[in-house]
Amino acid sequence: MLVAFVADRAEETINGDTALYAVASALRDAGAATLAPSGLAVHVTGAGGFFADFIIAFSGIDGILLLVALGVVFLILLIVYRSPILPFAVLVTAMCGLSLAALVVFPLARHGAISLSGQSQGILSILVVGAATDYALLPVARFKEELHDHASTWVAMRGAWRATLEPIAASAATVLLCLLCLLCLRLSELGSTKGLGPVGALGIAGAFVAALTFLPAVLLLAGRRIVWPQVPRVDHVHRADSVGTRGIWGRVAGLVGRRPRRTWVVTLVALVACAAFLPTLEARGTAQSDLFLTRVDSVTGQKVLARHFPAGSGSPVQVVAPEAEAADVVRVLESSEGVSSPQVGLLPGRPPVLVDGSVVIQATLDAAADTVAAEDTVESLRSALDRVGPDVLVGGSTATNLDVRLASARDLRVIIPTILGVIFVVLMLLLRSLVAPLVLVAANLLSFAVTMGVAALVFNHVLHFPGSDPATPLYGFVFLVALGIDYSIFLMTRVREESRLRGTRPGILVALTVTGGVITSAGLVLASTFSALAVLPILFLVQIAVIGVRCAARHARRARPARAGRGVRHRRADLVAGGSPPRRTARGARGRRGCARRRARGRADGAAGLSGVRQPAASSDPATAGWRP
């Protein structure tokens, strides 16, 4: 049985549900009640059936995603902080940011100012929880550092807030501007992509406000007890003291300092090898029956339909043409491969309805209407019908899918250069440099290629997916580059800060030591929040989850600088309270044979590649305690 809908009334609501969903549900209930007892199976498929199953799959998306994401993030924070109190403060901050975003997003969507789909709604929860937690990790880490130097929590928080304001603001601004590019510049031709822009931007704004207002207030109220049982004492001991000596990232910094050239060459070769699989990513789209990872009624019905009738029977191709050219259109359809049973009008045996001098010609596709083969047939039909007349238009569900794929390809070509330009401008203003932003943008582009290459391997050979949605590369790019640049900003702002005090080379190594743990934790948090999307049985969201996890893991490992500046002449600025320690370069220490102690120290520093980095040492002078020149 074929049920036809009036196009302009298909989206009307019946008791709060769209007409398509209400009719599909009513047909399924009636079929189960009347025909099932006699042993007959009833399936509702086609556009209405698929639409109804999508609504069922997205029902409860907010609660499921939020609970899974918060649970996984809590476990990670518990492991990272080893404190039962601090994770709750960070998660409440994330919920505060999500609430702020919801207070703006839902009223705007209710009044039609922005478009909010179930897909955007689910991504909003993941985006805000991940971003807010990432933004919270930086002030928490800096607050713990400051507590080692200041007895007053107010003074410590003031120093931590000032030090983290710039990198967090730059990170949030980068992501926000990249998302707004999808809407304000009207770069996207797809409504779903345009809708994600303002929704995601408002979510990032909420995360930013919560991380810099609510979280500092909670940390001040709780004081040092917030990190119990590892309560920081005023001992002037810092993670910067562990460069090349202890801790995972201290040892990584030592490795980078000793062998910078070998480090970046080996890393680059490995990354390029992974990126080489990018062309194997199949993003031409998938059949609607492949979008569900669980068994649903519409997919079963489509398979039954294909066994007994032409696969495209449920969704015929429709051609709108002037009445005078209808006969020519029918001849083209009859001579085209993959097309059968052309007829003028919507119903056989009835005269066609004439609207503004045009009629509708219908034909049945041999391939299922939601497959790539059907889209190729429609593309060939359009080329053939262009010769009939410029007013001949090819429509139907298959043509719509084809237009979505073409629009996605166009969006990818236009939006990627625009986002890269926005990121470059933000980094240039932040770092006050031209070369460093170019290096960071290139590194993030390589990261995108690596992630999509690995994703292609996973999709094709591990999970055996039938393909990818055309929008998957674009969504992956937005999340990979716009969010991944956060970690580069966290690292480079600390590099700039430390380089002013210690010199370029030591500043890089110290920044790597103190921010490596934060960036790794942020990557794990982002990976866990994106992995929550995998609980939904939708192919597109599972693929976004895999890409998000790979993105976070890749950027967490990319925390180490590719090169620490071997051979660069750097200045010493080992400033301490109460004065400056004596200046001795590594070359001078090695050259003084009269002092064996200084010579041994110089050799150690030179071997580790850490000359000029402050090292801990015992001292009776309170002004220089914990430091040595």
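Guide: Helices (H or I, at least four residues) and strands (E, at least two) are taken here as DSSP runs, numbered from the N terminus. The model under discussion is predicted.

Visitor: In which loop does arginine 82 lie?
Guide: The phi of arginine 82 is near 50 degrees, a positive value in a residue other than glycine. Most residues other than glycine have a negative phi. Arginine 82 is also exposed, at a relative accessible area of 52%. Its place is the loop between α3 (61-81) and α4 (86-110).

Visitor: Is aspartate 356 buried or exposed?
Guide: Aspartate 356 is not a glycine, yet its phi is positive, at about 55 degrees. The residue is found in the loop between β4 (339-344) and β5 (358-365). Its relative accessible area is 79%, and because the class begins over 50%, aspartate 356 counts as exposed.

Visitor: Which residue in β6 is the bridge partner of glutamine 318?
Guide: Strand β3 (residues 317-322) pairs with β5 in the antiparallel sense over 6 bridges, and proline 322 stands opposite serine 358 in β5. β3 also pairs with strand β6 (residues 393-395), again antiparallel, over 3 bridges. In β6, the partner of glutamine 318 is glycine 395.

Visitor: How far apart are the end C-alpha atoms of helix α10?
Guide: Helix α10 covers residues 297-308, and Ser298, Val299 and Leu305 are among its buried residues. At 1.5 Å a residue, its 12 residues should span 16 Å. The model agrees with this expectation, since the end C-alpha atoms are separated by 17 Å.

Visitor: What separation do the C-alpha atoms of glycine 254 and leucine 509 have?
Guide: Glycine 254 lies in helix α8 (residues 248-258) and is buried, at 0% relative accessibility. Leucine 509 is 255 residues away along the chain. The C-alpha atoms of the two residues are nevertheless separated by 7.6 Å.

Visitor: Which residue in helix α1 does aspartate 53 pair with?
Guide: The structure holds 12 salt bridges. One of them has its closest N and O atoms 3.0 Å apart and involves aspartate 53. This pair links distant parts of the chain, 25 residues apart, with aspartate 53 in helix α2 (residues 46-58). Both members are buried, and the partner in helix α1 (residues 19-34) is arginine 28.

Visitor: About how many helical turns separate glutamate 146 and arginine 142?
Guide: The two side chains meet in a salt bridge of 3.8 Å, N to O. Glutamate 146 is buried at 14% relative accessible area, as is arginine 142 at 10%. Because they are 4 residues apart in helix α5 (residues 118-147), the separation is about one turn.

Visitor: What relative accessible area does arginine 405 have?
Guide: Arginine 405 touches Arg284, Glu375, Asp376, Glu379 and Pro470, leaving aside residues up to four places away in sequence. Its side chain meets that of glutamate 375 in a salt bridge (3.0 Å, N to O). The pair joins helix α12 (residues 372-385) to helix α13, 30 residues apart. Glutamate 375 is buried at 5%, and arginine 405 is buried at 13%.

Visitor: Over which residues does pLDDT stay under 50?
Guide: The protein chain averages a pLDDT of 77, and 79% of the residues score at least 70. Where pLDDT is low, the predicted coordinates should not be read in detail. That caution concerns a segment for which the model has 136 contacts beyond four places in sequence, namely residues 558-629.

Note on methods: Residues numbered from 1 in each chain as written. Predicted model: local features only at pLDDT ≥ 70, side-chain atom pairs only at ≥ 80, totals over all residues. Heavy atoms only, no water. Expected span 1.5 Å × (residues − 1). Buried < 20%, exposed > 50% of the residue type's maximum accessible area, 1.4 Å probe, protein only. Pairing = 2+ DSSP bridges. pLDDT = per-residue confidence, 0-100. Contact = heavy atoms within 4.5 Å. Salt bridge = Lys/Arg side-chain N within 4 Å of Asp/Glu carboxyl O.
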